[in-house]
Amino acid sequence: NFRCRSAFKLLEIDDQFRLLQPGHSVVDCGAAPGAWSQVAVQRVNSAGTDPELPRGTVVGIDLLHIPPLDGAHFLSCHDATDAATQARLLELLPAGRAHVILSDMAPNASGFRDLDHEKLVTMCLSLIDLAEKALLPGGALLCKYWDGALAHSLQARLCGMFGNVRSLKPDASRKDSAERYFLARVYREPAR
Ligand code: SAM
């Protein structure tokens, strides 16, 4: 009873890496229709389903409408790459910080593979800006990208900010698609 099959990609990654712990604060970028948020709500206990465990927070953002979900706060019709949205988001997070930023965002594909790749890399760069504002030290960023020429420079940026960065292709992701995910863990806050 997930809203979309994409839930299985996040379940698979989280079963392997245990990113989402009870009590955690999670941002879900490109959240519509809400399947990743459903997974996050269960795993961080943001609906308070298990009263014995700490209660987490899930905030989802999408350009589209996201149908309501118990345990999640949604910013529907918002652009996650926009500075005003990111400021609004910080207000919704406890102490303005997140343990995990998830992004399954993708632009509408033009069909031109290089152009689509570049667009999505640009979106990933704005997630890096968000991470610098919102992530707790030790936190994680999981973001979708389409493989291509700029993937290495994106990975290098992440390696400068996180202790551990890897590229993943979940079994649940279609083999014939260029879709992959960067999982960047152990965020190191820059010295100020
Ligand atoms: N993870 C979602 C789920 O499990 O239900 C599916 C996400 S879908 C593959 C990608 C989403 O990214 C689309 O709903 C699209 O509207 C959204 N998106 C694309 N660009 C965006 C942006 N700049 N800000 C917010 N959402 C965006």
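## Val 186 and its neighbour in strand E7

Val 186 is partly exposed, with a relative accessible area of 45% (partly exposed sits between buried, under 20%, and exposed, over 50%, using a 1.4 Å probe and protein chains only). This valine is found in strand E7, where helices (H or I, at least four residues) and strands (E, at least two) are DSSP runs numbered from the N terminus. Its phi is positive, about 65 degrees, although Val 186 is not a glycine. Keep in mind that this is a predicted model: local features need pLDDT of at least 70, side-chain atom pairs count only at pLDDT 80 or more, and totals for chains, interfaces and linings use all residues. Residues are numbered from 1 along each chain as its sequence is written, and side-chain values use heavy atoms, with hydrogens and water left out.

Tyr 187 is also placed in strand E7, and at 3% relative accessibility it counts as buried. Setting aside residues up to four places away in sequence, Tyr 187 touches Ala 131, Glu 132, Leu 135, Leu 136, Pro 137, Gly 138, Gly 139, Met 161 and Phe 162; a contact here means heavy atoms within 4.5 Å. Take Leu 136 as one of those partners: it is 51 residues from Tyr 187 along the chain, with 7.3 Å between the two C-alpha atoms.

## The overall fold

Zooming out, the chain has five helices and seven strands. From the N terminus on, they run α-β-α-β-β-α-β-α-β-α-β-β. The radius of gyration is 15 Å, close to the 16 Å that the globule rule gives for 192 residues, so the chain is as compact as a globular protein of that length. (That radius is taken over C-alpha atoms, and the rule is 2.2 Å times the number of residues to the power 0.38.) Along the principal axes, the C-alpha atoms fill a box of roughly 45 × 45 × 35 Å.

Of the 192 residues, 49% count as buried. Among contacts with a separation of 6 or more, 67% come from residues 24 or more positions apart. The chain exposes about 9,300 Å², with carbon and sulfur atoms supplying 52% of that; these areas come from the Shrake-Rupley method with a 1.4 Å probe, and for residues only the protein chains shown count as cover.

## Two nonpolar cores

The largest nonpolar core has 35 residues, and Val 27, Cys 29, Leu 89, Ile 101, Leu 158 and Phe 162 touch the most other members. A core like this is a set of buried Ala, Val, Leu, Ile, Met, Phe, Trp, Tyr and Cys residues joined through side-chain atoms within 4.5 Å. At least two residues apiece come from E1 (25-29), E2 (57-61), E4 (98-103), H4 (113-134), E5 (135-146), H5 (151-161), E6 (162-168) and E7 (179-187). H4 gives the largest share, nine residues.

Cys 29 has quite a list of contacts once neighbours within four places are left out: Ile 61, Ala 80, Ile 101, Leu 102, Ser 103, Asp 104, Met 105, Leu 127 and Leu 130. There is also a second, separate core of 28 residues, which includes Leu 10, Leu 19, Val 39 and Ala 40.

## Helix H1 and the turn after it

In H1, the buried residues are Ala 7, Lys 9, Leu 10, Leu 11, Ile 13, Asp 14 and Phe 17. Their cover includes H2, E4, E5, E6 and E7. Asp 14, in this helix (residues 7-17), is buried at 1% relative accessibility. Beyond its neighbours within four places in sequence, Asp 14 is in contact with Leu 19, Leu 20 and Arg 43.

Just after H1, Arg 18 takes a positive phi of about 50 degrees. Arg 18 belongs to the loop between H1 and E1.

## Helix H2 and its surroundings

On the way into H2, a cis peptide bond joins Ala 32 and Pro 33, with omega about 0 degrees. Pro 33 lies in the loop between E1 and H2.

Eight of the 10 residues of H2 (residues 35-44) are buried, so this helix is largely enclosed by the rest of the structure. The buried ones are Ala 35, Trp 36, Ser 37, Gln 38, Val 39, Ala 40, Val 41 and Val 44. H2 is followed by Asn 45, with a positive phi near 60 degrees.
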